[in-house]
Structure formats: C-alpha cells, structure tokens
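Visitor: Please take one part of this model and look at it closely, and then connect it to what lies around it in the fold.

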Amino acid sequence: MHTTISAKLINITAAALTGAALLFGANAAHAANKIVARVSLSQQIMEVSVDGRPTFAWKVSTGDRTHVTPTGSFKPTRMHEMWYSKKYDNAPMPHSVFFSGGYAVHATYAIKRLGQPASHGCVRLHPDNAADFYQLVETFGPANTSIVIVK
C-alpha cells in the first residue's frame with residue numbers, strides 16, 4: 001500500500017510541476033523537472049529535492065571501511081527493478097539506480113544497518129524508500145536526475 005500511495009504522490013507531483021512549467025514558461029519547465037539526490041557519507045543521509053524543494057530525507061548505508069563509495073556528481077546510467085550482483089554472490093539489489101559502473105542506489109533488507117556504513121560501496125536504502133526513489137527517477141527521467149555524493 002505504501003508503494004501505491006507513494007507512486008500516486010510522485011505522479012501527482014510530476015503532473016503539477018509540469019503544469020506549472022507550462023503555465024510559467026520554458027525556464028520554469030527546465031527547473032520543474034529536476035531531481036537532486038544528495039548523499040552525505042558523514043551523516044549517512046540521502047536528501048532528495050524536487051524542483052529545488054526538499055522532498056525526502058532517508059537514512060542510508062554507504063561503503064564500509066574497506067569499500068569506498070565514490071564522491072562526486074553523477075547521472076543515472078541504467079535502472080533495474082531487480083538486479084543481482086555479479087560481484088557479490090548474486091546479492092539482490094531491488095530498485096537499482098546505477099550511477100557509476102557497478103555502483104547503485106538500491107534497496108537493502110539489512111534495514112537495521114541503515115544510518116551507518118555497511119555496504120560494498122553502493123548507497124543502500126530502506127525498500128520503501130528505494131521504490132520511491134526508483135519511481136521518481138523513472139517519472140522525471142535519468143537525464144533530469146543528479147546523484148551528488150559528498151563526504
């Protein structure tokens with residue numbers, strides 16, 4: 001049920017922003033269709049802004065001491081509703097949004113570890129939040145999405 005409500009909310013938000021863009025002109029259209037996901041490695045939080053407005057803030061797990069999460073600004077390169085890691089024993093990676101090689105934002109079932117470094121470098125989210133993020137990227141488009149990872 002949560003995913004259904006979230007998907008409807010995301011679609012309503014997208015429609016409202018697109019309508020506002022049409023009403024206020026091309027510059028608004030450009031601004032209205034941007035998603036920025038900012039991941040703080042030190043705080044283990046991902047903040048998602050839509051059209052410059054803070055919309056979500058979720059706990060994450062990023063790379064542990066021996067596995068680095070890359071920093072920088074990235075665009076999604078591919079998306080998979082379900083992916084299995086070829087490198088880590090077919091580990092499930094639901095709602096994967098890949099942003100740099102094998103690195104992705106994806107769901108984890110180890111939700112008790114959210115809020116602390118625990119991954120092999122990916123950005124892990126609660127399954128509900130990963131589904132919401134995946135839906136956002138799918139709705140607004142990878143070209144209109146930025147994933148920014150900072151220390």
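Guide: Helices and strands are taken here as DSSP runs, helices being H or I over at least four residues and strands being E over at least two, and both are numbered from the N terminus. This is a predicted model, in which local features need pLDDT of at least 70 and side-chain atom pairs count only at pLDDT 80 or more, while totals for chains, interfaces and linings use all residues. Residues are numbered from 1 along each chain as its sequence is written, and side-chain values rest on heavy atoms, with hydrogens and water left out.

The part I would choose is Pro-117, in the loop that links S7 to strand S8 (123-125). Pro-117 has a relative accessible area of 40% and is therefore partly exposed, a class that lies between buried (under 20%) and exposed (over 50%), with a 1.4 Å probe and protein chains only. Leaving aside residues up to four places away in sequence, Pro-117 touches Gln-44, Thr-62, Gly-63 and Asp-64, where contact means heavy atoms within 4.5 Å. Of these partners, Thr-62 is 55 residues away from Pro-117 in sequence, although their C-alpha atoms are 4.8 Å apart in space.

Turning to the sheet, five strands form an open arrangement in the order S3-S2-S1-S9-S4, with mixed pairing; two strands pair if DSSP finds at least two bridges between them. Strand S3 (53-59) and strand S4 (72-74) are the edges, and each has a single partner strand, so one side of each has no neighbour in the sheet. From one strand to the next the twist averages 20°, with axes fitted as lines to C-alpha atoms (for helices over the stretch in contact) and angles running from 0 to 180 degrees between N-to-C directions. S4 runs antiparallel to strand S9 (residues 145-150) and is joined to it by three bridges, and Phe-74 stands opposite Ile-147 in S9. Helix H3 (residues 127-140) packs on this sheet, where it touches strand S1 (35-40), strand S2 (45-50), S3 and S9, and its direction makes about 30° with that of S2.

Two other loops deserve a look at their backbone, given that most residues other than glycine have a negative phi. Asp-51, in the loop between S2 and S3, has a positive phi of about 55° although it is not a glycine. Asp-89, in the loop between S5 and S6, likewise has a positive phi, near 55°, and its relative accessibility of 78% makes it exposed.
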